[in-house]
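Please look over the model shown here. A short report on two helices and one loop follows it.

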Amino acid sequence: MKRYVVANLKSNKTAPELTAWFADFGVPPQADDTEVIIAPSFTLLALLQADRAVGLQMGAQDVSSFPLGAYTGAVAAQQLADFGVRYCIVGHSERRQYFHETDADVAKKITELLSLEITPILCLDEPYIASQAQLLSDEQRAAVIIAYEPKAAIGSGRSISVGHVKEVSAVTKKDFPTAPILYGGSVDETNCEEFLLVTNGVLVATAALDGKEFARLVAKCAAH
Ligand code: PGA
């Protein structure tokens, strides 16, 4: 199975800052089995489009739960697809907390993305693994990438134990038997390899903000 290294830049970076980030990051190691995905803000996707040739996959951090149409402020899956976006994070705990997204909203977003052949990276914490799975068809469950993201570990500098990630992955596999399972929550260049022992990849935010640091992390993951 492929390995995924995802950078979630959240609401960080201006265009000049992301340009500098690319210069720091350089060219990722070419490892056929490792997909490196960068998810910046919508406004920065054009910059990434120009850089795709160097082996980065374009990701988005969110998508509308509606198709194209009169939905002010929303970015539809079709608009992401036209741009060359191949992956999209959905259901991140920050979206659930600050934007009050529900399992039902997330399920609609997954339907929109899959209709455009964009792979959803579905973020799940333990309290809603089962409830989210219930709202998805078998086909949808097989088409997503799961990112297990325990809320307490996000942005805290305190990742959880590899043993616990392994346990939760086993539970998640009951609902998502064939989906790749990533771990996210204070992953950095010092601990990324441990998580790769029990997952199919990592989702990184804080440690992705510095291009050089993220390049070192990617190199470790690709060599693992
Ligand atoms: P972190 O965030 O790497 O800063 O802990 C992970 C995430 O929110 O996806």
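The text below takes the helices in turn, then the loop.

This is a predicted model, in which local features need pLDDT of at least 70, side-chain atom pairs count only at pLDDT 80 or more, and totals for chains, interfaces and linings use all residues. Residues are numbered from 1 along each chain as its sequence is written, and side-chain values use heavy atoms, with hydrogens and water left out.

Helices (H or I, at least four residues) and strands (E, at least two) are DSSP runs, numbered from the N terminus. The expected span of a helix is 1.5 Å times one less than its number of residues.

| Helix | Residues | Expected span | Distance between end C-alpha atoms |
|---|---|---|---|
| H8 | 162-175 (14 residues) | 20 Å | 20 Å |
| H10 | 211-223 (13 residues) | 18 Å | 18 Å |

**Helix H8**

The end-to-end distance of H8 agrees with the expected span. Its buried residues (under 20% relative accessible area, 1.4 Å probe, protein chains only) are Val162, Val165, Val168, Ser169 and Thr172. Seen down the axis of H8, they fall within an arc of 120 degrees, so they line one face of the helix. The arc is that of the directions from the helix axis to the C-beta atoms. An α-helix has 3.6 residues a turn, so residues three or four places apart point the same way.

Which exposed residues (over 50%) does the face of H8 turned away from its buried side carry? They are Lys166, Glu167 and Lys174. The buried residues of H8 pack (heavy atoms within 4.5 Å) against helices H6 (129-134) and H9 (192-196), and against strands E6 (145-148) and E7 (181-184).

**Helix H10**

For H10, too, the span agrees with expectation. Buried here are Gly211, Phe214, Leu217, Val218, Cys221 and Ala222. Down the axis of H10, these residues lie within an arc of 130 degrees, so they line one face of the helix. They pack against E1, H1, strand E2 (34-39), H9 and strand E8 (201-204). At the start of H10, a side-chain oxygen of aspartate 210 comes within 2.9 Å of the backbone nitrogen of lysine 212.

**The loop between E1 and H1**

Lysine 10 sits in the loop between strand E1 (3-8) and helix H1 (15-25). Its phi is positive, near 50 degrees. Lysine 10 counts as buried because its relative accessibility is 18%. Lysine 13 is also placed in the loop between E1 and H1. Phi of lysine 13 is positive, about 85 degrees. At 24% relative accessibility, lysine 13 counts as partly exposed, a class that lies between buried and exposed. Most residues other than glycine have a negative phi.

How values were computed: Polar contact = N/O pair within 3.5 Å; in protein donor to acceptor, adjacent residues only side chain to side chain.
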